[in-house]
Amino acid sequence: MATWDTNTQPASAASLLVWEPIDTARLLESVANDAAGANVLFTGTTRGVTAGVLASRITTRITKRLTYEAHEPLAAAVLARLRDEAVAEYGLTACAIVHRLGAVAVGETSVAIATSAPHRREAFAAAEWLMERIKREAPIWKCEEGADGDRTWQHPDSGQHPDSGIHAGSESRSKPRPVLVDSFGRVHTDLRISVTDRCNLRCTYCMPLDVAFKPREELLSYEEIVRVARVAAGLGIRSIRITGGEPLVRREVAELVRQLVTISGIEEVSLTTNGLLLEEQAADLRRAGLHRLNVSLDALNEDAFERIARRQGLARVLAGLAAAKAAGFQSIRINAVSIRGLTEGEIVPLAQFCRREGFHLRFIEFMPLDGESSWSDGQVLSGREVRDMLTRHFGPLIPAVRSDASQPAIDYSYADHDIANGAMDAAGLPMQAAGVGFIDPVTQPFCDRCDRLRLTADGQFRNCLFSTTEWDARHVLRTGGSDDEIARLLDDCVLSKRAAHGIGTPAFERPARAMYQIGG
């Protein structure tokens, strides 16, 4: 019998995935410790009879055997990540997960979770949370073999029901669903698509004052972008972020949104903007189906705004935010770059503004992607320093439960519960529920969980903001290349991804392109 991991031991496929029956008593014993007031065991067992609905009638399916398959290193890495997240988020004293592979008889345990915590509530909640996340995220495929001989493969998050019209003797092969996995086991589900390198600001951390933009004919058309997005969705991309430059300077970007949201497999389409043109376009974007807005706003003082953006426009940004709320956007994030010697005085005012308006604020460390190549590590105002400033002003910040393990931000909520005036955010929640987050790519890199890929406005795939290599999708698109060729190009891009960007190390090489040329 394998030795299982608890949260204090390193992950390994041998301990998280087994091929023999799971010894649940031993699993529960492995997490017991003196600090625990509660030990909880959750198990998932295979069922012999499944009820469903097919063609408006209730049906039942008799299953005689189930088989589980996985890419073991990748599946073990995901299980270990989920386990570690549960430990951190629920304050567990120990946690162990075991998933069985191979043939599993009806009535036997296919997955078991053991948790220990000081109190029962946390132990139960963590185990339940883990079971649901494993179903959705673990790259483990299940084959149900019916009594009539049919076989149906199902990925955990495919949503496919066994009663989906599979005829006796046939086999449905949704297994394995294509995924973009790099050599370090990171699954890529997010694609950032830049639609232009042009912008109506000249922010110091992004663009030079004097800039030569790409000729229009070198930029991908909306038709080409949608084609790439469809191919990417077929490879497991689930979310798309439209970026620039400033995406709203490109005409009819709402029409691109309208096409992207209809692509099968795409679950979210969002857009990052500086807000200058948002007042005029917010309603159209909402009607087109845009799910979420990210608005860059580094200062609320006009002088500070102009020092950073090197253009006027603060009033227009604020009007754009008001228009976005009026249009019905429920999820608006404010992105603020922190630069030492420039933005310290804006941190608390931005937090006060976002708390009042119900926006989720995120502070981003200054990265070496400025257009004038003047970045130095001395200009980095770290996320920790910003967090300390907010704590001194507002009181403690409470770590928030992470709904998406791959997100770069570490989010917090305010503990002061200052809602005496009854202020609510756009979703009808108390204003502080919007919270604050920190994206710290320089001092606390999050490369280990990065799930992002990028498509530049001129049609180049990039696997990292700091990549020094690009893969030319535009050439494939404009020389009669097939969708399979685009898919292979994207797969090559992913497989070439490095373990980390290397900022601050001797091996770091600054990319030739600045932020506006890549896409934020």
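**Close-up 1. An open sheet of four strands in this predicted model.** Let's start with the strand order, which reads β1-β5-β7-β2, with mixed pairing. At the edges are β1 (17-18) and β2 (38-45), each of which pairs on one side only.

**Close-up 2. Where β2 meets β7.** Strands β2 and β7 (residues 109-117) run antiparallel and are joined by eight bridges. Strands of a sheet pair through backbone hydrogen bonds. To find your place here, look for valine 40, which stands opposite threonine 115 in β7.

**Close-up 3. Helices lying across the strands.** Helix α2 (residues 24-31) lies across β2, β5 (94-100) and β7, and runs at about 25 degrees to β7. Helix α3 lies across β1 and β5, at about 150 degrees to β5.

**Close-up 4. Tyrosine 90 and tryptophan 129, an aromatic pair.** The structure holds six aromatic pairs. In this tilted one, the centres are 6.0 Å apart and the planes make an angle of 55 degrees. Tyrosine 90 belongs to helix α3 (residues 72-90) and tryptophan 129 to helix α4 (residues 120-137), so the pair ties together parts 39 residues apart in sequence. Are these two residues buried or exposed? Tyrosine 90 is buried, at 19% relative accessible area, and tryptophan 129 also counts as buried, at 14%.

**Close-up 5. A cluster of rings.** Here you can meet Phe363, Tyr412 and Phe438, which ring pairs link into a cluster.

**Close-up 6. Arginines over aromatic rings.** Arginine 286 lies over the face of phenylalanine 329, 5.4 Å from the ring centre. Arginine 355 places its charged end over the ring of tyrosine 414, at 4.4 Å from the centre of that ring.

Conventions: Residues numbered from 1 in each chain as written. Predicted model: local features only at pLDDT ≥ 70, side-chain atom pairs only at ≥ 80, totals over all residues. Heavy atoms only, no water. Phe/Tyr/Trp six-rings, centres within 6.5 Å; stacked < 30°, edge-to-face > 60°. Helix = DSSP H or I, 4+ residues; strand = E, 2+ residues; numbered from the N terminus. Buried < 20%, exposed > 50% of the residue type's maximum accessible area, 1.4 Å probe, protein only. Lys NZ or Arg CZ within 6 Å of the ring centre and 35° of its normal. Pairing = 2+ DSSP bridges. Contact = heavy atoms within 4.5 Å. Axes fitted to C-alpha atoms, helices over the stretch in contact; angles between N-to-C directions.
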